[in-house]
Amino acid sequence: MRFRQAGALLLRSILIPVVAFAAFAACQSVLDPPLPQGTRQFTPPPVFNVWWSMASECSSRTGELSDVEWFIVPGVSEFEHQGRYVSGYWSRVSNRIVLAEKAMMNGPLVRHEMLHALERNVEHPRSAFLKRCGGVVVCITSCLTEAGSPPVPRAGLARVPADSMAIDIQVNPVAPGLATDDGHFRLVVTVRNPRRDSVVVLLPPSGDAAPPGSFSFTLSGERMGLWYAERAWDAGVMTFGPGETRRAVYDFTVAAKFDGLRALPPGSYSVRGGFGPATSAAKVFALE
């Protein structure tokens, strides 16, 4: 079996490139800006209801998806907005979300904008984007900067290896397939602190100038394999409160053939989640 290291390619499909992530969501706060040329309104696909529920659940905020006005900029992966290129933004004035067409099915990005709508906040508070909904929505570069640095762990906090954490992976929904959510499904890696005290997880150095690896998954299919590991761009991801669980959500869809990124063909699969060098037990699932 030949495994493909997803790296930046998977990140482009799922999270939009980390290094070249200019501005995934410019969230203006005063007036609705002019819409880019060719922008049209659209009806959100059924999976948006699932994503809205995910953002609502992690944020403990309520709201109606139907209250949001949805617009798409055709044929592009990003567009100019307020002097920079973005893939989407939320406007508070009319509760409007504008998405680049090639990013409109990017779950973490769309859920990021949904979170703005649910929070009714154009800013990126750490409590919402990195704490409560961390891993459910994307928050890097400008979002990470605006959220601010995480609290510095106190000196007496226990430092523990990654394999001392409870690592698991779930497939959501449990029986994914073309007949459910138009074939959209998610792999959810969870890391739980089993202790009654807060800890800092020691992740091995990356060996380069970037932060250490954090969440990951390894997926094996009948004729393909896929591996992905993200970096601990926010150091707060390594600090866990007593019994606290952190997670990372990876979006996929069922398709006729493997596209090398996030479209997987029907068949049997085995998947493991990871955090740093530690991994979960394998889970087997089928796509129909």
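Two strands count as paired if DSSP finds at least two bridges between them. Strands themselves are DSSP runs of E with at least two residues, helices are runs of H or I with at least four residues, and both are numbered from the N terminus.

Before you start: residues are numbered from 1 along each chain as its sequence is written, and side-chain values use heavy atoms, with hydrogens and water left out. The model is predicted, so local features need pLDDT of at least 70, side-chain atom pairs count only at pLDDT 80 or more, and totals for chains, interfaces and linings use all residues.

**Exercise 1. Work out what β12 pairs with.**

Step 1: Go to β12, residues 213-220, and β13, residues 225-231; they pair in the antiparallel sense over six bridges.
Step 2: Check the connection: a hairpin of four residues takes you from β12 to β13.
Step 3: Pick out a bridge here: Leu-219 has Leu-226 of β13 as its partner.
Step 4: Now try β17, residues 267-275, which pairs with β12 in the antiparallel sense, again over six bridges. Thr-218 sits opposite Arg-272 of β17.

**Exercise 2. Lay out the four-stranded open sheet and find the helix across it.**

Step 1: Write the order as β9-β10-β15-β16, and label the pairing mixed.
Step 2: Mark the edges, β9 (166-172) and β16 (263-264), each of which pairs on one side only.
Step 3: Look at β15, residues 245-254: this strand and β16 are parallel, with two bridges. Thr-253 faces Ala-263 in β16.
Step 4: Add helix α2, residues 47-59, which lies across β10 (184-192) and β15 and runs at about 20° to β10. That angle is between N-to-C directions on a scale from 0 to 180 degrees, with axes fitted to C-alpha atoms, for helices over the stretch in contact (heavy atoms within 4.5 Å).

**Exercise 3. Track down the disulfides and describe each one.**

Step 1: Search for cysteine sulfur atoms within 2.5 Å, the cut-off for a disulfide; you get two.
Step 2: Take Cys-58 and Cys-133, with sulfurs 1.9 Å apart. The S-S torsion is 100°, a right-handed link.
Step 3: Place that pair: Cys-58 is in helix α2 and Cys-133 in the loop between α4 (126-132) and α5 (142-147), so the bond ties together parts 75 residues apart in sequence.
Step 4: Take Cys-139 and Cys-143, also joined at 1.9 Å S to S. Their link is left-handed, with -95° about the S-S bond.
Step 5: Check burial, meaning under 20% relative accessible area with a 1.4 Å probe, protein chains only (exposed is over 50%, partly exposed in between). Cys-58 and Cys-133 are both buried, and Cys-139 and Cys-143 are buried too.
Step 6: Number the bonded cysteines in sequence order, and the pairing reads 1-2, 3-4.
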